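Let's take a walk through a protein model together. Have a look at the sequence and the fold below, and then we'll go through it piece by piece.

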Amino acid sequence: LELTLKILRPLNVPAGQVPVLWALAPNAAPAPIGIVPLAAGQTAPPLAKASMTLAGTAEQLLTSVPRLGLSFEAAAPAPGAAPAPFVLEGSCVKLW
């Protein structure tokens, strides 16, 4: 299953970093959803779209997730890893 993200403002991905999307569920630690395919060292323009493949269905991964966060990490985080500070955070809007 693919998830498409729309970047609403310019987003500069630092060189040597990967943008990681996190599920922010109430009363739970942030959980990594996956790496957002944006090029390191470049700036994604406003309204750019990025698609990523999910490890499960949207219902499995996002039903109880009201918010998402994006951080820049040195590598893909392992499950249970703590995220770097979020550079973007917002509501998880369910349109499926």
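What follows is a tour of the strands, the loops and a pocket. One thing to keep in mind along the way is that this is a predicted model.

Let's begin with the open sheet. Four strands make it up, in the order S4-S3-S7-S8, and their pairing is antiparallel. S4, which covers residues 31-35, and S8 sit at the edges with a single partner strand each, so one side of each has no neighbour in the sheet. As you go from one strand to the next, the twist averages 25 degrees.

Now zoom in on one pair in that sheet. Strand S3 takes in residues 18-24, and seven bridges join S3 to S7 in an antiparallel run. If you want a landmark here, find Ala23, which stands opposite Leu68 in S7. Hold on to Leu68, as that residue comes back when we get to the pocket.

While you're on S7, look for Ser71, which is found in that strand. Is Ser71 buried or exposed? Its relative accessibility is 0%, and since anything under 20% is called buried, Ser71 counts as buried. The side chain of Ser71 also makes a polar contact with the side chain of Glu73, at 2.6 Å.

Next, another pair of strands. S1 and S6 pair in the antiparallel sense, and six bridges hold the register between them. Two pairs of residues make this easy to trace: Leu5 has Ala50 in S6 as its bridge partner, and Ile7 stands opposite Ala48 in S6.

Which way do the side chains of these strands point? In a regular strand, side chains alternate between the two faces of the sheet. S1 shows this pattern: Leu3, Leu5 and Ile7 point to one face and are buried, whereas Glu2, Thr4 and Lys6 point to the other face and are not buried. S6, residues 48-53, has two contrasting faces as well, with Ala48, Ala50 and Met52 on the covered one. The uncovered face of S6 carries Lys49, Ser51 and Thr53.

With S1 in mind, we can turn to the largest pocket. Its volume is about 740 Å³. Of the 25 residues that line this pocket, the closest to its centre are Thr4, Leu5, Lys6, Leu68 and Ser91. The elements that give two or more residues to the lining are strand S1 (2-7), helix H1 (58-62), strand S7 (67-73) and strand S8 (86-91). Which element gives the largest share of the lining? That is S1, with six residues. Sorted by class, the lining of the largest pocket has 16 nonpolar, four polar and five charged residues.

Let's move on to the loops, starting with two residues that have something unusual to look for in the backbone. Asn27 belongs to the loop between S3 and S4. Phi of Asn27 is near 55 degrees, a positive value in a residue other than glycine. Asn27 is also exposed, with a relative accessible area of 87%. Leu47 sits in the loop between strand S5 (43-44) and S6, and phi there is near 70 degrees, again positive in a residue other than glycine. Leu47 is exposed too, at a relative accessible area of 57%.

A few other loop residues are good for getting a feel for distances. Gly80, in the loop between S7 and S8, is exposed, with a relative accessible area of 75%. Although Gly80 and Pro30 are 50 residues apart along the chain, their C-alpha atoms are separated by 8.0 Å. Ala15 is in the loop between strand S2 (11-12) and S3, and at 65% relative accessibility Ala15 counts as exposed. Between the C-alpha atoms of Ala15 and Ala74, 59 residues apart along the chain, the separation is 9.5 Å.

Our last stop is Ala40, which is found in the loop between S4 and S5. How exposed is Ala40, and what is its relative accessible area? Ala40 is partly exposed, with a value of 40%. Ala40 and Ala29 are eleven residues apart in sequence, yet 26 Å apart in space from C-alpha to C-alpha.

Definitions and conventions: Residues numbered from 1 in each chain as written. Predicted model: local features only at pLDDT ≥ 70, side-chain atom pairs only at ≥ 80, totals over all residues. Heavy atoms only, no water. 1 Å grid on protein atoms, 1.4 Å probe; cavity = no way out; pocket = protein on both sides within 12 Å on 5 of 7 lines; lining within 4 Å. Points joined across faces, edges and corners; volume = space filled by probe spheres on them. Nonpolar A, V, L, I, M, F, W, Y, C, P; charged D, E, K, R; others polar. Pairing = 2+ DSSP bridges. Axes fitted to C-alpha atoms, helices over the stretch in contact; angles between N-to-C directions. Buried < 20%, exposed > 50% of the residue type's maximum accessible area, 1.4 Å probe, protein only. Polar contact = N/O pair within 3.5 Å; in protein donor to acceptor, adjacent residues only side chain to side chain.
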